[in-house]
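Ready for a few exercises? Take a look at the sequence and the structure, then try each task before reading its solution.

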Amino acid sequence: MPHIPAVRSFDRSCELQAKLHHVIPGGAHTYSRGSDQYPEFMPPVLTNGRGCHVWDADGNEYIEYGMGLRSVTLGHGFRPVIDAVCSAIADGVNFSRPTTLELDAAEDFLNLVPAADMVKFAKNGSDVTTAAVRLARAVTGRVTVAACHQPFFSTDDWFIGTTEMAGGIPHASRNSTVRFQYNDLDSLASVLTAHDIACVILEAATSTTEPAPGYLDGVRRLCDDHGALLVIDEMITGFRWSEHGAQAVYGIEPDLSCWGKAMGNGFPISALAGKREFMELGGLCTDRERVFLLSTTHGPERGSLAAFRAVVQEYADNDPIGRMERAGRLLADGVRAAIHEAGLSDYVQLAGRPSCLTFITRDPEQLPSQAYRTLFLQELLKRGVLGQSFVTSAAHTDSDIEQTVTAVRGALPAYKRAVERGSVEGLLEGRPVAPAIRQYAAPRRIGSPSGLTQTPASR
């Protein structure tokens with residue numbers, strides 16, 4: 001159980017965060033990990049973790065949610081994965097030719113994903129989504145991509161050019177991707193009619209939205225009618241909805257699919273999978289012009305492949321999805337009860353599958369509010385809960401859930417006072433969090449209340 005002191009100190013974390021901003025653009029290697037995503041004077045800089053518990057540089061202990069941006073489903077330091085990695089790398093990490101481990105890992109993957117005939121491993125989600133786009137363009141001879149209005153697909157030009165952070169992206173790339181609305185077949189049909197589309201890329205489901213009946217079948221049909229490849233992004237849904245992916249849950253067969261995050265329980269591994277007729281264009285058994293699909297020095301390194309195989313074994317032997325869903329249901333029931341008791345059901349809400357819960361924070365007009373979100377995060381941090389969501393793992397125990405519900409109960413009175421006053425002023429310590437992807441970084445303060453520097457935030 002995290003020790004909850006009367007007053008938590010964040011002095012060391014604030015000092016380290018200022019140093020991080022000095023040497024790393026944005027102060028973190030992922031925008032959603034940035035200090036502007038957390039209360040201003042409470043940016044925990046972590047040192048270690050075990051299960052679903054983490055510790056920061058000030059010695060504060062937290063129950064963590066989100067778990068490495070949803071990449072950790074089995075818990076931090078999960079022993080079977082660590083042992084598999086240590087055993088593999090003791091015999092060498094990277095070689096000049098493929099290893100037997102590459103074949104074993106590829107066969108494990110393809111046994112889980114019946115719609116795929118071939119797979120290629122990489123390190124990041126962006127690697128494989130961009131490879132899917134390139135492959136679709138080569139197959140169809142078209143350029144334009146239809147990307148669903150969902151949060152994120154890639155750091156590469158074809159996607160970032162559609163966001164507010166399009167600086168440095170050529171206009172040609174910005175115009176090469178068009179967007180369509182999720183759960184709206186007419187929106188997709190309009191895009192496919194107006195443009196020669198190489199591929200349609202979407203998540204089969206999101207953290208907050210399930211596909212409407214018939215929607216995914218309609219997407220498949222429209223892709224076939226217009227000669228576009230269907231790419232399913234399984235970064236979040238893979239190994240969280242099912243080890244077979246959301247495509248198996250919803251019965252949709254993509255041409256290509258992209259995987260990552262929980263594949264290695266935090267170790268860096270991603271995968272592009274698909275039908276042989278398409279994937280082989282990046283290989284040596286084709287008479288067509290070859291595609292430079294993926295060629296990475298570290299894609300086949302043994303540590304991450306061993307981690308993946310250990311994850312596959314754990315999913316076969318036990319039921320981590322069942323455990324994380326059970327924890328999520330228990331958490332949702334407890335949190336919703338606490339919210340109801342506080343009279344805040346119109347202002348703090350939960351959404352999503354039990355294993356992928358998010359919270360929605362609303363202002364007195366019941367509009368989504370970053371300021372009220374920050375207040376909620378602030379009060380949870382004070383009580384030993386760290387997370388931008390309530391995304392669970394198989395490591396969250398009944399005791400962890402009980403402590404989290406207790407922390408929520410303790411956080412809600414401040415939220416209620418802010419609703420009744422019509423403002424977070426006097427309750428929120430520092431500035432509100434900001435959208436992770438935005439065009440400009442407004443000037444903000446970095447450091448602790450006793451030692452502030454005026455520095456632009458880097459996003």
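## Exercise 1: An open sheet

Begin with a pair of strands: β1 and β2 (residues 53-56) run antiparallel to each other, joined over 4 bridges. Keep in mind that this is a predicted model.

**Task.** Find the bridge partner of N48 in β2, then work out which strands stand at the edges of the sheet.

**Solution.**
- Step 1: N48 has W55 as its bridge partner in β2.
- Step 2: The open sheet is made of 4 strands with mixed pairing, in the order β1-β2-β3-β13.
- Step 3: β1 (46-50) and β13 (385-386) each have a single partner strand, so they are the edges, and one side of each is left without a neighbour in the sheet.
- Step 4: Helix α15 (residues 398-421) packs on this sheet, where it touches β2, β3 (61-64) and β13. The direction of α15 makes about 105 degrees with that of β3.

## Exercise 2: A charged residue inside

**Task.** Locate R373 and find which side chain of opposite charge is nearest to R373.

**Solution.**
- Step 1: Helix α14 (residues 370-382) contains R373.
- Step 2: R373 is buried, and the nearest side chain of opposite charge is that of D36, 11 Å away.
- Step 3: A salt bridge needs the charged atoms within 4 Å, and R373 has no salt bridge.
- Step 4: Leaving out residues up to four places away in sequence, R373 touches F359, T361, Q388 and V433.

## Exercise 3: Two nonpolar cores

**Task.** Which residues touch the most other members of the largest nonpolar core?

**Solution.**
- Step 1: That core has 56 residues, and the ones sought are F180, V200, L202, L256 and L272.
- Step 2: Look at L256: beyond four places in sequence, its contacts include A132, L135, I232, L272 and F278.
- Step 3: Another core, of 40 residues, lies apart from the largest one; Y347, F376, L427 and L428 are among its members.

## Exercise 4: Two loop residues

**Task.** Are A28 and I269 buried or exposed?

**Solution.**
- Step 1: A28 sits in the loop between α1 (11-23) and β1, while I269 sits in the loop between β9 (256-259) and β10 (270-274).
- Step 2: The cut-off for buried is under 20% relative accessible area. A28 counts as buried because its relative accessibility is 19%, and I269 is buried at 3%.
- Step 3: Not counting neighbours within four places in sequence, A28 is in contact with R33 and G34.
- Step 4: With residues up to four places away left out, I269 touches F121, K123, M263 and F308, among others.

Technical notes. Residues numbered from 1 in each chain as written. Predicted model: local features only at pLDDT ≥ 70, side-chain atom pairs only at ≥ 80, totals over all residues. Heavy atoms only, no water. Pairing = 2+ DSSP bridges. Helix = DSSP H or I, 4+ residues; strand = E, 2+ residues; numbered from the N terminus. Contact = heavy atoms within 4.5 Å. Axes fitted to C-alpha atoms, helices over the stretch in contact; angles between N-to-C directions. Buried < 20%, exposed > 50% of the residue type's maximum accessible area, 1.4 Å probe, protein only. Lys, Arg positive; Asp, Glu negative; His and termini not counted. Core = buried A, V, L, I, M, F, W, Y, C linked by side-chain atoms within 4.5 Å.
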